[in-house]
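These entries record what I looked up in one structure. I took enclosed cavities, a helix pair and model confidence in turn.

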Amino acid sequence: MFKKPTLMLKKPTLNPSLLDSYRPVSNLPFLSKILERAVLAQLSSFLHKHDLLDPFQSGFRKGHSTETSLLAMMDDLRAARAARRSSVLVLLDLSAAFDTVNHEILLTTLSDLGVTGTVLDWFTSYLYDRSFKVSWGGETSVLSRVTTGVPQGSVLGPLLFSIYTRSLGHIIQSHGFSYHSYADDTQLYLSFPPEDATIATKISACLSDISAWMSERHLQLNLSKTEILIFPGNNSPQQNLSIQIGSLLLTPTASAKSLGVWIDNKLSLNHHVAAISRSCRFTLYNIRKIRPFLSQQATQLLVQAMVISKLDYCNSLLAGTSAVTIKPLQMIQNMAARLIFNQPKYTHVTPLLTSLHWLPIAARIEFKSLMLAYRAVNGTAPSYINTLLPRYTPTRSLRSANERRLKIPSLSFHTWDNGGHNVTCMILRHSSFALNLPITETNISSKSHGKDRYKQDVCVCLSAVLPDIQ
């Protein structure tokens, strides 16, 4: 009953005659989800207590997200650019990663982490004796046995995959690369002097070892879909690298999509803003056609779910960018507010935003950055974010020692070139607000109470300094 996934099309638009168009999805019954969640809580607690998870794996972990992963990566790339060092970013693509996990290797990995005895026997029973069926056009095939993979759609599947691939980071770091992962999406990057002529060889060697590691674990690295971006340092010429891996030649691209965000070789995020604007405009156009049949409340729910969520996704990456860069997003928000209240095109939008309790785009970015800095201060942010935001410790006894202040690094003029330094922008803004907001250690009784109070105070401060939006 718990071990019978259904093979379904990944997307309705895919060709049903191709096997690559399908994926097995486990539609778990309620009782199975409860059981898996109980196991997940205990296993996660054990792994966290003994620090056994990859610190740079952000997939399906509390306090981690695609945004924190991308923020740390972009911060490193921009810091290298400000230091006049070039960087290379490699976006790895895996084919059917969850479906090719070898059960024996996974169980051995669990055993090496200390999962033994009855617990290991339970996981053995969980993985083995699974079957699947194909459902298409109202017809269902006979059951066939599954010999590899972790169940997609299950509660435990993502964590088991993270455990299965935890040693990949050692392979990447052995070549001097840094990396961040989210489930089966991995971004590895390396900064180097612009005159370094051996960088192509280093990339080729690293990718070859990664491919060999994945082959040993029955994973398939799709090199034909792996993308490479080159970021030249400030005042450095653009480099054209060609990476030869076997018979395949990889060439750099001008932009690529990573975890839903378009990254260009200038780290400007202009391509990402343009893509979000196009998508939101199309959505608003379709909502406008049915607006006469919707109430104001229904329209607001629809707009917030389909438009505002896109504007807010990974918006902390835009911290420190110019007003010109985020202006298209502000125009989208203005259109959305006018659509909700069914107002003409040139209606003054500030009263509408106030009525909706919406902060303008610049303030939403500011608010997200401040909340991430707050989490870093309270120790609930990922470890790689905490290391970027060190606490301020005075050299002598001062009243500020009891305040939650962050250390402000020294900045050069070039730090603010091409979009700024994301985490540095957060630090400066958080520190300036910390001088005025009541967030000392003594007046916060709990993290949740402090966070809610901090949200209110930040919103009040931001609202006081917001420009009048037309």
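**Entry 1: terms.** Before naming elements, I note that helices (H or I, at least four residues) and strands (E, at least two) are DSSP runs, numbered from the N terminus. I also note that this is a predicted model.

**Entry 2: confidence overall.** I looked up the pLDDT and found an average of 82 for the protein. Of the residues, 81% score at least 70.

**Entry 3: largest cavity.** I searched for cavities of 30 Å³ or more and obtained four. The largest cavity has a volume of about 110 Å³. I then listed its lining, which comprises 17 residues; the closest to the centre are Thr165, Leu168, Ser181, Ala183 and Thr186. Which elements each supply at least two residues of this lining? I found three helices and one strand: H5 (157–164), H6 (168–173), H7 (199–216) and S8 (178–182). Sorted by class, the lining of the largest cavity has eight nonpolar, six polar and three charged residues.

**Entry 4: second largest cavity.** For the second largest cavity I read a volume of about 50 Å³. I recorded its lining as His272, Ile276, Lys310, Leu311, Tyr313, Cys314, Asn315, Leu318 and Leu329. Helix H8 (270–290) and helix H9 (296–312) are the elements that give two or more residues to this lining. By class, I noted six nonpolar, two polar and one charged.

**Entry 5: helices H10 and H12.** I next examined helix H10 (residues 323–340) against helix H12 (residues 361–378). How do their axes cross, and within what distance do they come? The axes come within 9 Å and cross at roughly 110°. Angles of 65 to 115 degrees count as roughly perpendicular, so H10 is roughly perpendicular to H12. On the H10 side I listed Ile326, Leu329, Gln330 and Gln333; these meet Ile361, Ala362, Arg364 and Ile365 of H12. The contact of H10 with H12 has five nonpolar, two polar and one charged residues. I marked Leu329 for cross-reference, as this residue lines the second largest cavity and also takes part in the contact of H10 with H12.

**Entry 6: low-confidence stretches.** Where does pLDDT stay under 50? I found residues 413–421, for which the model has 24 contacts beyond four places in sequence. I also found residues 427–446, with 46 such contacts. Where pLDDT is low, the predicted coordinates should not be read in detail. I therefore did not interpret these contacts further, given that pLDDT stays under 50 there.

Technical notes:
Residues numbered from 1 in each chain as written. Predicted model: local features only at pLDDT ≥ 70, side-chain atom pairs only at ≥ 80, totals over all residues. Heavy atoms only, no water. 1 Å grid on protein atoms, 1.4 Å probe; cavity = no way out; pocket = protein on both sides within 12 Å on 5 of 7 lines; lining within 4 Å. Points joined across faces, edges and corners; volume = space filled by probe spheres on them. Nonpolar A, V, L, I, M, F, W, Y, C, P; charged D, E, K, R; others polar. pLDDT = per-residue confidence, 0-100. Contact = heavy atoms within 4.5 Å. Axes fitted to C-alpha atoms, helices over the stretch in contact; angles between N-to-C directions. Parallel < 35°, antiparallel > 145°, perpendicular 65-115°, else oblique.
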